[in-house]
Amino acid sequence: MATRTKREKPAAAPESPRAQRFVYAPAPESADHVRRLERYDLFVDGKFRPASSGKRFATVNPATEETLAEVAEAGAKDVELAVQSARKAYEKTWSKLSGAERGRYLFRIARLIQEQSRELAILETQDGGKPIVESRDVDLPLVAAHFFYYAGWADKLEHAFPGRRVRSLGVAAQVIPWNFPLLMAAWKIAPALAAGNTVVLKPAETTPLTALHLARICQEAELPPGVVNVLPGAGETGAALVAHKDVNKVAFTGSTEVGKQIQRAIAGSSKRLTLELGGKAANILLEDAPLDQAIEGIVNGIYFNQGHVCCAGSRLLVHESILEEVQRRLERRVKTLRVGDPLDKNTDIGAINSKPQLEKIRALVQSGVDEGAVLHQPACELPRAGYWHPPAFFSGVTTSHRIAQEEIFGPVLAILSFRTEAEAIAKANNTTYGLSAGIWTRKGSKVFEMASKLRAGVVWANTYNRFDPASPFGGMKESGFGREGGLHGLAPYVEVLS
Ligand code: NAP
Ligand code: MG
């Protein structure tokens with residue numbers, strides 16, 4: 001049986017005049033000035049030290065498969081030392097400082113991040129595979145902005161919680177994923193410190209480098225030892241950290257599966273918990289959607305950061321009257337996306353973060369084909385080494401398809417159609433997740449009406465994937481609970497006394 005795919009033949013050879021119009025000269029970002037080490041240690045009590053076991057693991061560049069550095073792997077003993085150091089720093093130093101003094105340290109960290117942002121962006125791209133234009137122009141400015149934003153709140157907690165007395169919680173265990181390594185570290189560390197807590201952070205195994213450079217920035221900012229500790233390692237390191245008895249607060253961003261494990265592991269304890277988990281967002285195009293902007297929004301919604309975005313607009317719900325037109329325009333636009341060297345400033349789609357992630361994407365794409373959806377995938381030459389997936393979308397998807405239900409976490413969009421707004425809402429909400437959604441229409445009143453019916457923590461209107469430190473972000477249903485960003489992001493780090 002012929003598979004219903006629309007994979008194209010490779011584009012015309014570069015010498016054809018038509019193809020030449022689209023050939024860009026390479027524009028690689030220079031990585032010469034990056035102070036990357038061959039070996040990285042754990043950051044505990046203000047100092048870098050090897051793992052107690054002496055174990056190390058390699059972190060690789062997913063665009064080349066080259067080892068970037070050997071990184072110390074924290075075990076249970078290191079978790080013990082890091083939590084002890086965070087406890088000591090909390091009791092002896094950090095909780096005794098005034099809000100203004102805590103804010104001063106956070107402002108200092110924010111400024112150092114800005115000064116070193118070019119270097120941090122390159123490291124982020126090398127370690128994780130995302131295009132340099134994203135790490136440089138999106139991630140790093142947001143990282144600095146989060147530290148600036150929460151630095152501003154540190155001495156104004158009485159205004160953040162008017163009429164209430166609040167107190168910090170103590171030691172926060174924070175576990176983060178690989179899709180926005182430094183940004184997730186900022187989302188976690190900045191509000192925790194502003195509210196007066198100390199931190200032990202476990203970055204993801206495939207992207208530990210920028211968190212360790214942030215540790216160096218904490219040293220440069222002369223942050224008191226133990227206020228921030230960084231423990232690279234595997235899932236077991238994270239499990240040992242969240243289970244540690246002297247931890248008061250657990251903040252986790254990652255998969256729903258691990259989120260549930262953590263919930264079970266700390267059930268019955270007095271630990272506070274926030275979970276930022278997976279998503280399967282619906283991006284809804286109503287009949288009157290402004291199509292030029294919408295196509296760009298759809299592309300940004302699903303192909304940004306290779307679709308490694310929890311809130312990615314991975315399901316596109318289109319009114320049936322404009323379905324054909326939208327598919328035609330999308331097909332044309334997707335062909336122009338450039339896949340390749342993430343350090344090249346012309347690259348739109350970089351490397352998939354790891355081999356297991358690429359295999360997961362491929363398996364789900366195959367399931368879509370097997371279940372009868374039509375795959376649209378432009379031909380593009382992919383580099384030989386590294387992990388790559390071309391941008392793709394499926395038409396003819398129904399809600400029962402796996403690609404309409406499961407998180408692909410790659411550059412693959414599933415298109416469904418609807419006839420009435422009630423049907424669009426029902427389809428959008430027909431998922432176990434509830435992180436985000438998008439609405440495209442010229443009518444403001446429709447936006448408010450539909451947003452109130454969507455079971456999603458974040459709803460964008462006529463735009464997609466916009467973030468701001470002042471704006472809370474978080475999910476409903478199996479996308480987790482608690483908010484990060486804004487005033488809401490401070491609340492999980494304080495206890496309200498009266
Ligand atoms: P993951 O497997 O859940 O890993 C997340 C982090 O948890 C990593 O640091 C991981 O360590 C660690 N970990 C693994 N098992 C653990 C355990 N039993 N106890 C404690 N920690 C453990 O997620 P992922 O595949 O790396 O990340 C992708 C997922 O994150 C997607 O589902 C995405 O939607 C979600 N995400 C959500 C948000 C949000 O804000 N809602 C943001 C970004 C990503 P290792 O790296 O060593 O495995
Ligand atoms: Mg890596």
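How far is an oxygen atom of ligand 1 from an N or O atom in the side chain of Lys202? The distance is 2.9 Å in this predicted model, and the legends below present the surroundings of ligand 1.

**View 1. Polar contacts of ligand 1 with Lys202, Ile176 and Gly235****.** The side chain of Lys202 places an N or O atom 2.9 Å from an oxygen atom of ligand 1. Ile176 contributes through its backbone, where an N or O atom lies 2.8 Å from an oxygen atom of the ligand. For Gly235, a backbone N or O atom is 3.2 Å from an oxygen atom of ligand 1. On its own, ligand 1 has 890 Å² of accessible area, of which the protein covers 88%.

**View 2. The residue shell around ligand 1****.** The shell holds 29 residues, and those that come nearest are Ile176, Trp178, Ser255, Leu277 and Glu407. By character, 16 residues of the shell are nonpolar, 9 are polar and 4 are charged. At least two shell residues are supplied by each of α9 (235-243), β11 (249-253) and α10 (256-266).

**View 3. The pocket and the two domains that hold ligand 1****.** The second largest pocket is the site in which ligand 1 sits. Ligand 1 lies between domain 1 (39-277 + 477-496) and domain 2 (279-461), because both domains give residues to its shell.

How values were computed:
Residues are numbered from 1 along each chain as its sequence is written. Chains are lettered from A and ligands numbered from 1 in the order in which they are written. This is a predicted model: local features need pLDDT of at least 70, side-chain atom pairs count only at pLDDT 80 or more; totals for chains, interfaces and linings use all residues. Side-chain values use heavy atoms; hydrogens and water are left out. A residue is near a molecule or strand if one of its heavy atoms lies within 4 Å of it. A polar contact is a pair of N or O atoms within 3.5 Å; within protein, one must be able to donate a hydrogen and the other to accept it, and residues adjacent in sequence count only if both atoms are side-chain atoms. Accessible areas come from the Shrake-Rupley method with a 1.4 Å probe; for residues, only the protein chains shown count as cover. On a 1 Å grid over the protein atoms alone, a cavity is a set of points where a 1.4 Å probe fits but cannot get out, and a pocket is an open set with protein on both sides within 12 Å along at least five of seven lines; lining residues have an atom within 4 Å of a point. A molecule sits in a cavity or pocket if more than half of its atoms lie within 2 Å of its grid points. Helices (H or I, at least four residues) and strands (E, at least two) are DSSP runs, numbered from the N terminus. Ala, Val, Leu, Ile, Met, Phe, Trp, Tyr, Cys and Pro count as nonpolar, Asp, Glu, Lys and Arg as charged, and the others, Gly among them, as polar. Domain bounds come from an automatic or database domain assignment.
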